[in-house]
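Please open the model in your viewer and keep the sequence panel visible. The stops below are given in the order in which they may be selected.

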There are 2 protein chains.
Amino acid sequence: MTEQAPRERYREQVRGEIKQHARNQIAEAGLPALSLTAIAKQMSMTVPALYRYYRGRDELITALIRDAFRSLADTVRAAADSGADLLALAHVIRDWAKADPQRYFLIYGTPVPGYHAPPDTTAISNEVMEVLIKANSALGEPESATTFHVHLETHREWVDSDTVGTGAVRRALSFWTRLHGVLSLELAGHFTGMKFDPALLIDDELAELKA
Amino acid sequence: MTEQAPRERYREQVRGEIKQHARNQIAEAGLPALSLTAIAKQMSMTVPALYRYYRGRDELITALIRDAFRSLADTVRAAADSGADLLALAHVIRDWAKADPQRYFLIYGTPVPGYHAPPDTTAISNEVMEVLIKANSALGEPESATTFHVHLETHREWVDSDTVGTGAVRRALSFWTRLHGVLSLELAGHFTGMKFDPALLIDDELAELKA
DNA sequence: AGTGACAGTTAATGGTCTTAACTACGGTTA
DNA sequence: TAACCGTAGTTAAGACCATTAACTGTCACT
């Protein structure tokens, strides 16, 4: 019942320090390069000591994924609350991704076949989607319904509030997939050689979203 | 100068067998799970024996990447030569990806910061782009030029033949990025929970490409 | 029939993650 | 103040992993 803050505070401090070293390693050489041995060496500790703070390599990675989702969700929400329109929102996300590409790939990159993110993490992921849908609610509903639109009418249980139209959901999906399409290819370097500016491609792709 | 086929043929045989085991491991548990030790065990060999066939783990991976690109390029080209339209082409690519998601991610997934694909591999990658551009040449050039379109006019040295219009290049980029956007998120499982059919989303996204 | 190239072996090095058992310290309580 | 207990950290050990070096046998060609 007593205030045992110091112990707990130190613990959080060290956990944070471990994550920071982990982030640096991943940013520099990718997730496979994340090494507990290297972290321990940088912190002047022995490797098993790290297990006091994380159950193992996987739990550390999971924590980093959670942080990345949290950071993205906060960034997107803050921008949306500041009245950013869809195009501005896209560039906020792009800037966030380009600041640390490997962090973006930690979230949206190659999945591990067995791995399933813990529920709280996917919940944060949904936050992002909610903001995107809300931002897309500004534009009205389209007059002509596409095949996918009518399909979505009967497959949108996952978006709880019925205050948003199906059109907003569809546009949010378009926004998300188009942005991710350009962004992930850009970050992966698949546009090098082609000398165009990906930012302009994004603008173009999202301009057609007005429908 | 003599016909030393048997040795060479056996060599290619074994190289292929190694790749097959590697492919299975990656398909099941992702690239990080690729283990030379496991391959050797499955082939009833010792690990160092594998080094007769590949300089190391990295060269084996590179070979797999090259094969994947080759397979995709051939598949796309074959479909295009059979007169498949853009939508059909998209579904051919999607089917190819869904048949072995990890193979798709081997090509378009999370990049390793240091790694640069060998020139011959990127050349195959360009083949795919060429086919896409060619397929997009069918539709004519748009009357109104977007900002990105005019930007692309001055940044398209990478597409050699001047027989294709800038509009075709732009549409090919849209096609590629939109398809990849939906497909990569689908394969990574980011749509699970949302119960819609990604195939219909792709149809919708590409339908708007007619512009 | 002999020779050389090559497949495959064993052995050794160094790296990784992980668990178990032990030590020592620091704060809490009697 | 003295005993105690939880916890951070250690050493030791096991099980993987990739890679290199040195050796052996075999097969194909001269």
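Select Gly16(B), which lies in helix 1 of chain B; helices (H or I, at least four residues) are DSSP runs numbered from the N terminus, as are strands (E, at least two). Gly16(B) is exposed because 11 other C-beta atoms lie within 10 Å. In these terms a residue is buried with 20 or more other C-beta atoms within 10 Å of its own, exposed with 12 or fewer, and partly exposed in between, the C-beta atoms being placed from the backbone.

The model is predicted: local features need pLDDT of at least 70, side-chain atom pairs count only at pLDDT 80 or more, and totals for chains, interfaces and linings use all residues. Residues are numbered from 1 along each chain as its sequence is written, while chains are lettered from A and ligands numbered from 1 in the order in which they are written.

Next, select Ala172(B). Its C-alpha atom is separated by 34 Å from that of Gly16(B), and the two residues are 156 apart along the chain. Ala172(B) and Ala172(A) have the most contacts inside the largest nonpolar core, which has 92 residues. Such a core is a set of buried Ala, Val, Leu, Ile, Met, Phe, Trp, Tyr and Cys residues joined through C-beta atoms within 7 Å. Neighbours within four places in sequence aside, Ala172(B) is in contact with Met129(B), Leu132(B), Ile133(B) and Asn136(B); contact requires C-beta atoms, placed from the backbone, within 7 Å.

Now display both chains. Their contact takes 45 residues from chain A and 44 residues from chain B. On the side of chain B that touches chain A, helix 9 gives the most, with nine residues. Every interface residue of chain B, 100%, is also an interface residue in chain A, so the copies meet through the same surface.

A turn of 180° and a shift of 0.0 Å along the axis lay chain B on chain A with an RMSD of 0.1 Å, superposed by least squares on the C-alpha atoms of residues with pLDDT of at least 70 in both. The two copies are therefore related as by a two-fold rotation axis. To locate the axis, select Gly181(B), which of the residues of chain B comes closest to it, at 1.8 Å (C-alpha).

Finally, select DNA strand C. Which residues come nearest? Of the 20 around the strand, they are Thr37(A), Gly56(A), Arg57(A), Thr46(B) and Ala49(B); a residue counts as near if its C-beta atom, placed from the backbone, lies within 6 Å. Helix 2 of chain A supplies the largest share of this surface, three residues.

Notes: Two residues are in contact if their C-beta atoms, placed from the backbone, lie within 7 Å.
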